[in-house]
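Reader: I'd like to go through this model with you and ask why things get the labels they do. Can you show it to me?

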Amino acid sequence: MESQPEWRRKDWVKVRGVPIICAFTPNWERIDNFQARDDDIVIATYPKSGTTWMSEIVDVILNDGDTEKSRRDAIFNKVPMLEFCVPGEVPPGSQLLDSLSSPRVVKTHLPVSLFPNSFWEKNCKIIYIARNPKDVAVSFYHFDKMNQLHPEPGIWEEYVEKFIQGNMGFGPWGAHVKEFWALRPEKNLLYMFYEDMLENPKQEIRKVMTFLGKDLSDDVLEKICLHTSFKAMKENPTTNYTALSSSIMDQSVSPFMRKGICGDWKNHFTVSQSERFDEYYQKEMSGTDLSFRFLV
Ligand code: PPS
């Protein structure tokens, strides 16, 4: 029988209490000691919340709407994931970031508790995107099925329970979205919602543009909307992750660009699962003014 790489389908490994992809966890000091630059732009998200979408938007905005420039490389090379590391396959994200010229765009799913201090010290711009947890759970479930770095997700019924318990890669959804929300008044942070981006992409892209200190014309914004539409990004080999080895992401199981909609949870949750989830959601959101839309 062919031997399997040591990182394949391993259970999460806890880093200071947060479940992290096993392959990412050795030499964690590379994350803690990561040296941010003043003009780094960080895209922080709970997984499956629109990270890739925002990454491409930021990249095109920084290139003043030049969509051809944005096709220069795969999204995971242009916007490296800080914590990414698959020994023997690709260079660690931190190493890739060291080799990029400024301004760098950094992707991370790390919760506030694992965020490298350097980002705060340098007061880097942070764009946080949040998505309603029912659609996050569905998207994460399909991603766990195809991503060989993650443990097998098991059956959906049990997965919903795991999500509610917070036993997920990168920790509980609720703590992640709330902790970044609470930081808005004191940090250089733009908090965005996936559902708003779906409903009114031009308006939301304009918010990102303003946050980045750019002033692009309406026509350029229209062009960026087209370039970053779900359909365009699904067809674009630099954004659809087909450039990543299928030994890591097996897109024959589920494509990275899967549906790109709000409300797919309706096709997965039974009525009783949905009611149980609503209870969990109400509890999580009590005491905060953060709220989500489950349909747009
Ligand atoms: S990851 O792996 O955590 O970085 O994934 P992430 O990029 O955060 O989220 C993937 C989901 O985002 C959808 N997506 C988009 N939706 C709308 N428009 C655009 N342009 C777009 N690009 C990516 C992608 O399809 C995943 O959601 P699901 O629900 O699985 O389709």
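Author: Sure. One term up front: contact here means heavy atoms within 4.5 Å. Keep in mind that this is a predicted model.

Reader: Then what is W120 in contact with, leaving aside its neighbours within four places in sequence?

Author: By that cut-off, W120 touches F115, I126, F180, L183 and K187 once those neighbours are set aside. As for K187, it sits 67 residues from W120 along the chain, yet their C-alpha atoms are separated by 7.9 Å. W120 itself belongs to helix α5, residues 117-121.

Reader: Why is W120 called buried?

Author: Buried means under 20% relative accessible area. W120 has 19% relative accessibility, so it counts as buried.

Reader: On to the sheet. What makes β4 and β6 its edges?

Author: The sheet is open, with four strands in the order β4-β3-β5-β6 and parallel pairing. β4 (105-108) and β6 (189-193) each have a single partner strand, so one side of each lacks a neighbour in the sheet. On average, neighbouring strands are turned by 20° against each other, direction ignored.

Reader: How do you know that β3 and β4 pair?

Author: Pairing takes at least two bridges between the strands. β3 (residues 41-45) and β4 have four, in the parallel sense, so they qualify as a pair. Within these strands, I43 faces K107 in β4.

Reader: And which strands does helix α2 touch?

Author: Helix α2 (residues 51-62) packs on the sheet against β3, β4, β5 (125-130) and β6, with its direction at about 165° to that of β3. Helix α8 (residues 173-182) lies across β3, β5 and β6, at about 135° to β6.

Definitions and conventions. Residues are numbered from 1 along each chain as its sequence is written. This is a predicted model: local features need pLDDT of at least 70, side-chain atom pairs count only at pLDDT 80 or more; totals for chains, interfaces and linings use all residues. Side-chain values use heavy atoms; hydrogens and water are left out. Helices (H or I, at least four residues) and strands (E, at least two) are DSSP runs, numbered from the N terminus. Buried means under 20% relative accessible area, exposed over 50%, partly exposed in between (1.4 Å probe, protein chains only). Axes are lines fitted to C-alpha atoms, for helices over the stretch in contact, and angles run from 0 to 180 degrees between N-to-C directions.
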